[in-house]
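Please take me through this structure in a viewer, one selection at a time. For each stop, tell me what to select and what is there.

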Amino acid sequence: MRLAGAGAFAGAVLDAGCGTGENALHLAALRLGVLGVDVAQTAVSIARKKAAGRGMDADFVVADALHLDRLDRGFETVLDCGLFHTFDSDERRDYVASLASVTGRGGHLYLLCFSDVGPGTGPHPISQQELRAAFTRRSGWSVACISPDRCQTRFDAQGAPGWLAKIERI
C-alpha cells in the first residue's frame with residue numbers, strides 16, 4: 001500500500017490484519033502511534049522481532065479482526081491492506097461493525113483489496129459494488145473514494161488489480 005506522508009494520518013492508527021508488520025513499522029518510522037493486529041501468532045511474533053530489531057516503537061497483538069472491541073482502544077485511522085477480501089459476506093458485515101466499534105466519528109479507513117477488474121485478479125476479488133455495499137451510512141461509514149490500484153503479490157511481479165478505498169466513519 002502506498003502511504004502518503006504523516007499528514008494523511010492523525011492520532012492512533014490501527015493496522016488490521018498487519019501480518020508481519022511492514023505497514024505498521026512504516027507508520028512507526030513516521031513517529032505515529034500504531035497498533036498492528038493479526039489473528040496469526042506467528043505473524044505477530046515476526047512483526048515484534050522486526051520492531052525490536054529496528055528499534056521501533058510499534059505495538060503488535062494477536063487479535064480477531066471480527067472482535068476489535070476487545071482491544072478496548074479507539075483509533076482515528078485504520079489500515080486494511082489485504083484483509084477485507086478474505087471475508088465472506090457475513091464476515092464482512094461483522095468486520096465492518098468491528099471496525100466501527102474502534103473508530104471514532106470522523107476517523108478514516110484506508111482499505112486495499114483485490115479487484116475483480118482486469119486480468120490476473122487475486123484470490124477472492126471484490127467488486128466496487130461489494131465495497132460500497134459493505135460500508136454504508138447504515139453501518140456507520142461513508143465511502144469517500146475508490147480508485148484502481150495494484151496489490152503486491154508473490155504470484156505476479158506486476159501485482160494484481162486492486163481497489164484503494166478511503167472510507168470515513170460517520
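Which backbone nitrogen does the side chain of Asp 80 reach? Select Asp 80 and Leu 83 to see the pair: the Asp 80 side chain comes to 2.8 Å from the backbone nitrogen of Leu 83. Bear in mind that this is a predicted model.

**The setting of Asp 80**

Stay on Asp 80, which belongs to strand β4. Asp 80 is buried, yet no salt bridge is found for this residue. Add Arg 92 to the selection: Arg 92 is the nearest side chain of opposite charge, and it is 9.3 Å away.

**The whole chain**

Zoom out and colour by secondary structure. The chain has four helices and seven strands. Read from the N terminus, the order of elements is β-α-β-α-β-β-α-β-α-β-β. The radius of gyration is 15 Å, close to the 15 Å that the globule rule gives for 170 residues, so the chain is as compact as a globular protein of that length. Along the principal axes, the C-alpha atoms fill a box of roughly 40 × 40 × 30 Å. Of the 170 residues, 45% count as buried.

**Strand β4 and its neighbours**

Select residues 75–81, which form strand β4. Five of these seven residues are buried, so the strand is largely enclosed by the rest of the structure.

Now add residues 13–16, strand β1, which pairs with β4 in the parallel sense over four bridges. To find one position in this pairing, pick Leu 14, whose bridge partner in β4 is Val 78.

Next, add residues 103–114, strand β5, which runs parallel to β4 and is joined to it by six bridges. Here Phe 75 stands opposite Thr 103 in β5. Show residues 89–102 as well: this is helix α3, and β4, α3 and β5 make a right-handed β-α-β unit.

**Strand β2**

Move to residues 34–38, strand β2, where five of five residues are buried. Which residues lie on each side of β2? Val 34, Gly 36 and Asp 38 are on one side, with Leu 35 and Val 37 on the other, and all are buried, so both faces are covered. In a regular strand, side chains alternate between the two faces of the sheet.

Strands β1 and β2 run parallel and are joined by four bridges. In this pairing, Val 13 has Val 34 of β2 as its bridge partner. Follow the chain from β1 through helix α1, residues 22–29, to β2: this β-α-β crossover is right-handed.

Then show β3, residues 59–62. Four bridges join β2 to β3, and these strands run parallel. Asp 38 stands opposite Val 62 in β3. Between these strands the chain passes through helix α2, residues 41–53, in a β-α-β crossover that is right-handed.

**Two loop residues**

Select Asp 72, in the loop between β3 and β4. Is Asp 72 buried or exposed? Its relative accessibility is 70%, so Asp 72 counts as exposed, the cut-off being over 50%. Asp 72 also has a positive phi of about 55°, although it is not a glycine.

Finish at His 124, in the loop between β5 and α4. His 124 also has a positive phi of about 55° and is not a glycine. With a relative accessible area of 52%, His 124 is exposed.

Methods:
Residues numbered from 1 in each chain as written. Predicted model: local features only at pLDDT ≥ 70, side-chain atom pairs only at ≥ 80, totals over all residues. Heavy atoms only, no water. Buried < 20%, exposed > 50% of the residue type's maximum accessible area, 1.4 Å probe, protein only. Pairing = 2+ DSSP bridges. Right-handed = clockwise from strand over helix to strand, strands pointing away. Lys, Arg positive; Asp, Glu negative; His and termini not counted. Salt bridge = Lys/Arg side-chain N within 4 Å of Asp/Glu carboxyl O. Polar contact = N/O pair within 3.5 Å; in protein donor to acceptor, adjacent residues only side chain to side chain. Rg over C-alpha atoms; globule rule 2.2 N^0.38 Å.
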